[in-house]
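User: I'm new to reading structures and could use some help. Could you pick one residue, look at it closely, and then show me how its surroundings lead into the rest of the chain?

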Amino acid sequence: MDVNQALRERRSVRAFTEQVPQVELVQRLMQDAAQAASGGNMQPWRVAAITGAPLAAMLADVAQAPGEENPQYLSYPPNLWEPYRTRRFANGEELYQSINIPREDKAGRLQQLAKNARFFGAPVGLIMFTEQRMGPVQWMDLGIYLQSFMLRATEEGLATCPQGFWRRYDSVIKQHIEVPEGYLVAFGIALGYEDKTAPINTMRATRAEFSEWGQLKGF
Ligand SMILES: Cc1cc2nc3c(=O)[nH]c(=O)nc-3n(C[C@H](O)[C@H](O)[C@H](O)COP(=O)(O)O)c2cc1C
């Protein structure tokens with residue numbers, strides 16, 4: 001598989017088989033992703049992979065916790081404007097269409113959303129932390145790590161779903177995964193093997209046309 005193939009094949013997978021990836025493979029992916037570029041080579045990430053009993057214990061506590069968005073790290077800016085508002089809306093519609101949940105079925109949509117809190121059934125969850133005092137430019141480095149990790153996972157036949165959702169459970173997670181003072185949860189990654197029979201995994205998120213965001217000058 002070449003990079004372009006990995007780019008095309010990677011997508012967010014939201015149902016997994018029970019097969020647990022080998023620990024050596026998980027560690028290799030984590031280390032390979034750390035080849036990511038970062039400003040000043042600061043490598044401002046800390047990453048934990050968790051499975052088995054420790055994962056079950058963490059998810060049990062998450063299930064009991066209210067979970068709350070940190071207003072300093074909202075997933076989306078409030079009052080989203082165009083074209084982002086429409087794109088985000090379309091993304092939700094595509095997702096729920098794949099599992100036949102209509103707009104009126106609020107309970108059904110919430111049930112699907114709640115699967116975030118179980119890493120969508122993935123046997124491995126990764127949590128990525130960074131220091132609270134890091135700025136938005138270092139968060140860009142985290143994104144480069146994230147994409148590198150997901151592409152390597154794709155190359156190894158694994159599936160992933162990045163999850164900003166986990167920021168809601170910062171304090172619960174830190175009761176289960178030790179990190180030095182001052183770190184916070186940036187996002188999580190569900191990791192495992194795709195359940196190819198699951199309707200939700202048929203979803204393909206569309207992309208905006210090049211003309212909406214790209215320009216070429218002077219060629
Ligand atoms: C930083 C980040 C956070 C995300 N958080 C979530 C999440 O909490 N839950 C979820 O189901 N998908 C999440 N996603 C997945 C996006 O919805 C997905 O990447 C987008 O719809 C494009 O689809 P694709 O990844 O299948 O290409 C996140 C993606 C990124 C990059």
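## A close look at one glutamate

Analyst: Let's start with Glu212, which sits in helix H8. Keep in mind as we go that this is a predicted model. Is Glu212 buried, exposed or somewhere in between? With a relative accessible area of 49%, Glu212 is partly exposed; the cut-off for exposed is over 50%, so this residue stays in the middle class.

Now, who does Glu212 meet? Its side chain makes a polar contact with the side chain of Arg87, at 3.0 Å. Helix H4 covers residues 84-98, and just before that helix comes another partner in this story, Pro83. Glu212 and Pro83 are 129 residues apart along the chain, yet their C-alpha atoms are separated by 9.3 Å. Pro83 belongs to the loop between H3 and H4. There's a quirk here too: the peptide bond joining Glu82 to Pro83 is cis, and its omega is near 5 degrees.

That loop has a second oddity. Asn79, also in the loop between H3 and H4, isn't a glycine but has a positive phi of about 50 degrees. Asn79 counts as exposed because its relative accessibility is 73%.

Compare that with Phe119, which lies in the loop between helix H5 (106-114) and S2. Phe119 also has a positive phi, near 50 degrees, without being a glycine. Its setting is another matter: at 0% relative accessibility, Phe119 counts as buried.

So what is Phe119 buried in? The largest nonpolar core holds 26 residues, and Phe119 is among those with the most contacts inside it, along with Met58, Ile127, Trp166 and Ile173. At least two residues of this core come from each of strand S1 (46-51), helix H3 (52-64), strand S2 (124-131), strand S3 (159-163), helix H7 (170-176) and strand S4 (183-192). H3 gives the most, with four residues. In soluble globular proteins, nonpolar side chains tend to be buried together.

Ile127 shows how the pieces meet. Leaving out neighbours within four places in sequence, Ile127 is in contact with Phe119, Met58, Trp166 and Ile173, among others, including Arg46, Val185 and Phe187. Apart from this core lies another one, with 22 residues, among them Leu29, Ala33, Leu126 and Tyr145.

Next, the ligand. It is surrounded by 14 residues, and the closest are Ser12, Arg14, Asn116, Gly164 and Arg207. Strand S3 supplies the largest share of this shell, three residues. Sorted by class, the shell has five nonpolar, five polar and four charged residues. One ligand nitrogen is 2.9 Å from an N or O atom in the side chain of Asn116. Backbone atoms join in as well: a polar one of Pro162 is 3.2 Å from a ligand nitrogen, and one of Phe165 is 3.1 Å from a ligand oxygen. On its own the ligand exposes 620 Å², and the protein buries 68% of that.

To finish, let's come back towards our helix. Glu194 is found in the loop between S4 and helix H8 (210-213), the helix that holds Glu212. Is Glu194 buried or exposed? The cut-off for buried is under 20% relative accessible area, so Glu194, at 19%, counts as buried. The side chain of Glu194 makes a polar contact with the side chain of Arg11, at 3.0 Å. Not counting residues up to four places away in sequence, Glu194 also touches Val13, Ala15, Phe16, Thr17, Ala159 and Asn201. That leaves you with two glutamates to compare: Glu212, partly exposed and paired with Arg87, and Glu194, buried and paired with Arg11.

Technical notes. Residues numbered from 1 in each chain as written. Predicted model: local features only at pLDDT ≥ 70, side-chain atom pairs only at ≥ 80, totals over all residues. Heavy atoms only, no water. Core = buried A, V, L, I, M, F, W, Y, C linked by side-chain atoms within 4.5 Å. Buried < 20%, exposed > 50% of the residue type's maximum accessible area, 1.4 Å probe, protein only. Contact = heavy atoms within 4.5 Å. Near = heavy atom within 4 Å. Polar contact = N/O pair within 3.5 Å; in protein donor to acceptor, adjacent residues only side chain to side chain. Areas by Shrake-Rupley, 256 points an atom, 1.4 Å probe, with all protein chains shown as cover. Nonpolar A, V, L, I, M, F, W, Y, C, P; charged D, E, K, R; others polar.
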